[in-house]
Amino acid sequence: MIPAKKVLNTLNEHWSVLELLFKRFKMTDFSVKDVQNIIKHKNPQWTSERIFRETNRLLNQEIIIPLAKSSQLEINRAVADFASFLLQEEHLGLAQEITVLVKDLERLGNRLEQAADEGDQSELRRFSRIMDERVRKIIKLFLHNENAIFNIVEQAKSDSSSISLQKRYRAVIEAFDEYIEPMLEMVDIRGEFHACFNVIENQLSQQIDDIELYGRGAQDKRMLEQLRTRILDMHLVGRESLRKSADMLMPLREELRRNSLITRQASKVLAMIRKNGVDPMLSPVQPEFVSDIQRFSLGQQRHMVAYMAGLAEFEHDEYQLPDQSDVPAYQSPHIPDYADVKKSFSNTGKTKIALLGFLTGHYPDLDADELLFLYQKLISDEALELAQDEQRVTVNIAEHDFSLYPFNASTKIEHTNDNN
Amino acid sequence: MTTINLTELTELQAINKKLASGYHISEQDTTLWQQLDQNIGAYQALFNALGHDLQHDARGFYYLASDESTPNMGKISRAIALTLFILIEHFANQGKDPLRAIFDEPADLELMQTLVQLNKHLFDQLEIFSGSDLRKDVYLRMIRLGLAKETERGFIHLAPVYRYIDALMEVNDTNFDGLEEEV
């Protein structure tokens, strides 16, 4: 057995060496030579004999211990834990670790109840002590993990541009997926933890009530109360710690997601550009700038002044839009009413008459297209009996020459007209 | 209705001149920026009445939005877009955080040379054949548009570059499908 005081003294004396060893080798092994080099580095004035002696001292006091069946060394686990606690160099634990402890807590709670039912005071005290221990351990784990996450975040944020983004954030993503998410699920108000704690709390409350009722083992009441408080507190601490951790990790996770999105999009778009060419690909999406037209439309001082004057005199007047219902029907100014045309055509009384001749004769003022419009209206009127000429005729309508097979009225015009 | 008090808009002339030429006013143009920041309502109403659309982007810049640009401006815009997209890819390939790198890392002639060499066939389409072409045709124009500023270490991209990043994110499969059909 090595006296604790002696070990502490050595630790104190060689702390800088141990710190470096711990940081450099983390959890891996190292050789005697490494240790001697570090001692030499930290104490350059020491003779090699002294360095040898100090190395032996570390070995003798089991601060560094040899690996099994090898000449390599490692830091004593207990010392490493202590150092990691002191240096806050904590590694993220597993969500399962906490789950197992909570499950165990549930088991112990049942044993405690059993002991209370049997009136076995010493058992009751023993289980209560063990539970207390477990609760402390869980709280410690929560805080430990919170620190670890803090470290992860710090590391991810610290700008070491040599590592790729993916690598830099890998720890963050892992921490999130493997610790925060399962833990949040369990700590959730309807999660496993809550149910478990409810059971334990009920058991403890029941026992406290019993003690109050029967007055048996009054000295244990305080202990149980303390345990109950501690468990409730643990639940609270856990939630708080997880929330804090999630808050720390979330922005980084978002950042990574956004960045990988942009990167992916950029390579996708560039691939499309390579395939389809720059102009067709980018034209629909490129941001537009103010065009030259806009640039020249304004910008000189007098333009500004004119606009400002216009603005100053501007009066907001409601413009009355016409109603849809009372718009007058469109009437061409030149074309006479078709009914009139038809009537006068029928009233000519001639049996066989050239339609076009009639139109040009009666309406000499109309343009060619207007005459043709009336012509096609007349020939498509079923009330008139018309027949098409066999011969191609060239006619002059309003100074334009047309060649066509004209329609002519047949003999029955009068009769149809009478019917009208 | 917003009351426009012209006596308060002391920088109107400078702001109009800058904005109408397509310039993006960002925080580096301290005086103009502050003017716009304080009287954004009045400026917006004024420019609206003049037929412009003065936009304020929350990421820190003002510009006149436009639906179309002249062919020449369009070409410049495409060149800038291509350069920025390639830059993002370049930074990502180097394992850097592209969004951070684009604002932090100055673009010097050496970087431009590399970009042009690596993406020769793309830049060829825009008649950019060398790093100095890129500097002349893209970066100097970016300065004129308020998208970048020149320092002794190279060109620093400014916040309005976000317009291009937005544009990048806008490209989706529907645009792409349309293109496929056209081809």
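**A hairpin, a sheet and a helix residue in a predicted model**

Within strand β5 of chain B, H157(B) is the bridge partner of A148(B). Strands here (E, at least two residues) and helices (H or I, at least four residues) are DSSP runs, numbered from the N terminus. The structure is a predicted model, so to speak of local features takes a pLDDT of at least 70, side-chain atom pairs count only at pLDDT 80 or more, and totals for chains, interfaces and linings use all residues. Residues are numbered from 1 along each chain as its sequence is written, while chains are lettered from A and ligands numbered from 1 in the order in which they are written.

The pair A148(B) and H157(B) belongs to an antiparallel arrangement: strand β4 (residues 148-151) and strand β5 (residues 154-157) of chain B are joined by 4 bridges. Pairing of two strands requires that DSSP finds at least two bridges between them. With 2 residues between them, β4(B) and β5(B) make a hairpin.

Chain B also has an open sheet of 3 strands, ordered β1-β3-β2, with antiparallel pairing. Its edge strands are β1 (25-26) and β2 (53-57), each pairing on one side only. Between β2(B) and strand β3 (residues 61-65) there are 5 bridges, and the two run antiparallel. One bridge partnership here links H56(B) with Y62(B) of β3(B).

Turning to a single residue, K18(B) sits in helix α1 (residues 12-20) of chain B. Why is K18(B) partly exposed? It has 19 other C-beta atoms within 10 Å, where 20 or more would make a residue buried, 12 or fewer exposed, and anything in between partly exposed, with C-beta atoms placed from the backbone. Beyond its neighbours within four places in sequence, K18(B) touches Y23(B), I25(B) and L32(B), a contact being two C-beta atoms, placed from the backbone, that lie within 7 Å. K18(B) and L64(B) are 46 residues apart in sequence, yet their C-alpha atoms are 9.9 Å apart in space.

As for chain A, its secondary structure comes to 17 helices and 6 strands. Of its 420 residues, 21% are buried. Among contacts in chain A with a separation of 6 or more, 64% join residues 24 or more positions apart. The average pLDDT (the predictor's confidence in each residue, from 0 to 100) is 76 for chain A, and 81% of the residues score at least 70. Residues 411-420 of chain A stay under 50, and the model has 11 contacts for them beyond four places in sequence. Where pLDDT is low, the predicted coordinates should not be read in detail.
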